[in-house]
Structure formats: C-alpha cells, structure tokens
Amino acid sequence: MTDRATRPASQFDVSRILRETSLRCVEYHPELASTSDTARELLAQLLDAGPAVVLADVQTAGRGRSGRSWFSTAGALTCSVVLDAAAIAVPPAQRGLISIAAGAAVHDAIAARGPGSRAGVKWPNDVMIDERKVCGILTEQIPAGDRQGLLIGIGINVNNSVRDAPPEIRDSAVALCDIRPEAVSLTELLIDLLNRLDHRLQQLQRSPGELVQQLNTIHVLNGKRVVIQSGVTRHEGICQEIAIDGALIIRTPAGDRTPIRAGTVLTF
Ligand code: BTN
C-alpha cells in the first residue's frame with residue numbers, strides 16, 4: 001500500500017457525491033482489494049445506511065465475471081453500488097435486465113463525455129467504445145439476514161490509459177483518456193453515472209419495453225455473427241436483439257431464434 005504521506009489526494013469529493021445524488025452513504029477508501037468484496041463484508045451496515053456506494057481510488061484485486069480478475073490502475077473509476085434488492089420492483093423474469101440497465105447508465109454517462117455514437121452496450125453487461133471494452137459490470141445478489149443486497153460493481157477505464165495494461169487486455173480495452181485529451185473528473189463522472197443509474201432502474205420498473213427498445217439502439221452485437229459460451233453449450237448465429245427478459249436472441253444457421261439467458265461472448 002502507498003504510504004499515507006506520499007499517497008496522492010483522492011479524486012473523490014465525498015460530500016459533493018452525497019449532495020448531488022440519492023445516495024445516503026459513501027464508503028470511501030484510498031485503496032481496496034475489491035470494492036465488491038468490501039461491499040459484501042459490510043453489507044448489513046451498508047443496507048441499513050443506504051443506498052450506498054463503496055469507492056476506492058485504487059483497486060488491487062478486482063473481480064470480474066465468471067471468476068476472472070479485473071485489472072485497473074489509479075485513474076480508473078471502480079465502485080460498487082449497494083441497493084436493497086427489494087427496492088427494485090422488477091418481476092423475476094426481468095431481473096436479468098438489471099445488469100444491462102446499469103450498462104445503459106454507464107453508456108449514457110460516457111457518451112455525454114465525447115465518444116457519442118462510438119459508445120455502445122454489449123450483452124450481457126459491458127460498455128464498449130469502437131469495439132473495445134471501456135467498462136465491465138459485475139452484478140451480484142447477496143443475502144444479509146432477511147434482506148438481499150444488490151451489488152452493482154462497476155469498473156470504468158477513465159484516466160488510466162490501457163497502454164499500461166497487461167498485453168492480454170491491451171488490444172481489447174480502451175480508456176476515456178485514450179480517445180479524448182482532457183482528463184475526466186471522477187467525481188463528476190460518478191455523480192452523473194449514479195443519477196443515470198437511478199433513471200435507468202426507474203425506467204426498468206416503469207417501462208421495461210421502452211428500456212429494451214433503447215438498449216437495442218445502442219447494442220453493438222445486433223446484426224453481428226456471434227459465438228457465445230453458455231455453460232457447456234456453444235452457440236453460434238447472427239445476433240438479433242436483446243429480449244424483454246434480458247436474453248440475447250440469436251438466429252442460428254438452422255434458422256431458429258434461440259434465446260440465450262447467460263453466457264460469455266467469445267467472438268463478435
Ligand atoms: C467484467 O467485465 O468481468 C466485470 C468487471 C467488474 C469490475 C468491477 S470494478 C468495481 C467492482 N469491484 C470488483 O472487484 N469488481 C467490480
């Protein structure tokens with residue numbers, strides 16, 4: 001860990017985040033292994049105090065989907081939003097949309113900062129710029145006594161150029177600073193993102209059809225040939241759309257419309 005005396009000042013203005021969002025608790029740390037792990041450890045107290053976010057200037061052991069690790073360095077936005085799952089009134093059949101609704105919120109906040117139509121969402125929950133990944137989202141539902149915590153872990157490459165990333169992710173990732181010259185205020189990006197997340201989660205509850213229709217206009221896989229690993233099954237076909245329950249619909253070479261409810265996109 002960096003020595004306290006030499007550590008750079010935090011990029012987060014916690015009072016401003018509390019003032020300008022609906023959050024009631026910001027759990028800020030200069031350095032954490034994983035904001036989602038800390039959110040799990042403190043879940044009961046964060047649910048009592050929440051809605052909450054766990055924030056770190058630097059995350060050293062971030063977790064990604066399917067047991068993968070998430071690499072990031074100082075300048076990235078790494079946070080985990082903690083909500084009471086009961087506060088999101090979505091029928092069980094549509095809960096698969098929560099992650100991609102969060103992706104839409106990230107997309108909206110990023111698109112407002114420059115890349116515009118170069119940004120898109122990629123099922124199940126990535127945000128892309130020019131076919132490179134700028135954000136990953138890990139959504140987890142964790143019990144805490146008789147409540148269920150909904151943890152939305154968000155990692156965005158912002159002022160951390162991927163030039164410094166390990167070779168295996170350098171070609172498939174991008175940071176905002178790699179495509180626009182000005183540094184982005186992490187406090188302002190987070191505030192905007194949290195407000196847009198509120199909006200997208202409201203939209204999911206009130207008008208899921210409208211959310212899905214908008215998602216399909218920014219979904220980068222539509223019309224592309226995709227290969228998707230779902231458990232032990234590998235699917236291939238042309239991506240059609242995201243369905244109202246969050247499934248990805250592909251048209252297989254046999255002409256069937258096949259819904260895929262979970263999986264990893266291997267090629268697109
Ligand atoms: C993925 O694309 O595989 C999901 C990556 C999610 C990374 C974020 S960074 C903040 C939060 N804390 C973690 O350990 N993971 C998520």
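The following exchange examines the pockets and the ligand site of a predicted model.

User: Why is the contact between the ligand and threonine 35 called a polar contact?

Analyst: A polar contact is a pair of N or O atoms within 3.5 Å. A nitrogen atom of the ligand is 3.1 Å from an N or O atom in the side chain of threonine 35, so the pair qualifies.

User: What makes serine 36 and arginine 65 polar contacts of the ligand?

Analyst: The same cut-off of 3.5 Å applies. For serine 36, a side-chain N or O atom is 3.4 Å from a nitrogen atom of the ligand. For arginine 65, a backbone N or O atom lies 2.7 Å from an oxygen atom of the ligand. Both pairs therefore meet the definition. Of the 410 Å² of accessible area that the ligand has on its own, the protein covers 98%.

User: How do you know which pocket the ligand takes up?

Analyst: A molecule sits in a pocket if more than half of its atoms lie within 2 Å of the pocket's grid points. The ligand takes the space of the largest pocket, which has a volume of about 890 Å³. Lys133 is among the residues closest to the centre of that pocket, and Lys133 is also among the closest to the ligand.

User: What makes β8 stand out around the ligand?

Analyst: Strand β8 gives the most to the shell around the ligand, with four residues. Strand β8 (residues 132–144) also gives the most to the lining of the largest pocket, with five residues.

Conventions
Residues numbered from 1 in each chain as written. Predicted model: local features only at pLDDT ≥ 70, side-chain atom pairs only at ≥ 80, totals over all residues. Heavy atoms only, no water. 1 Å grid on protein atoms, 1.4 Å probe; cavity = no way out; pocket = protein on both sides within 12 Å on 5 of 7 lines; lining within 4 Å. Points joined across faces, edges and corners; volume = space filled by probe spheres on them. Helix = DSSP H or I, 4+ residues; strand = E, 2+ residues; numbered from the N terminus. Near = heavy atom within 4 Å. Polar contact = N/O pair within 3.5 Å; in protein donor to acceptor, adjacent residues only side chain to side chain. Areas by Shrake-Rupley, 256 points an atom, 1.4 Å probe, with all protein chains shown as cover.
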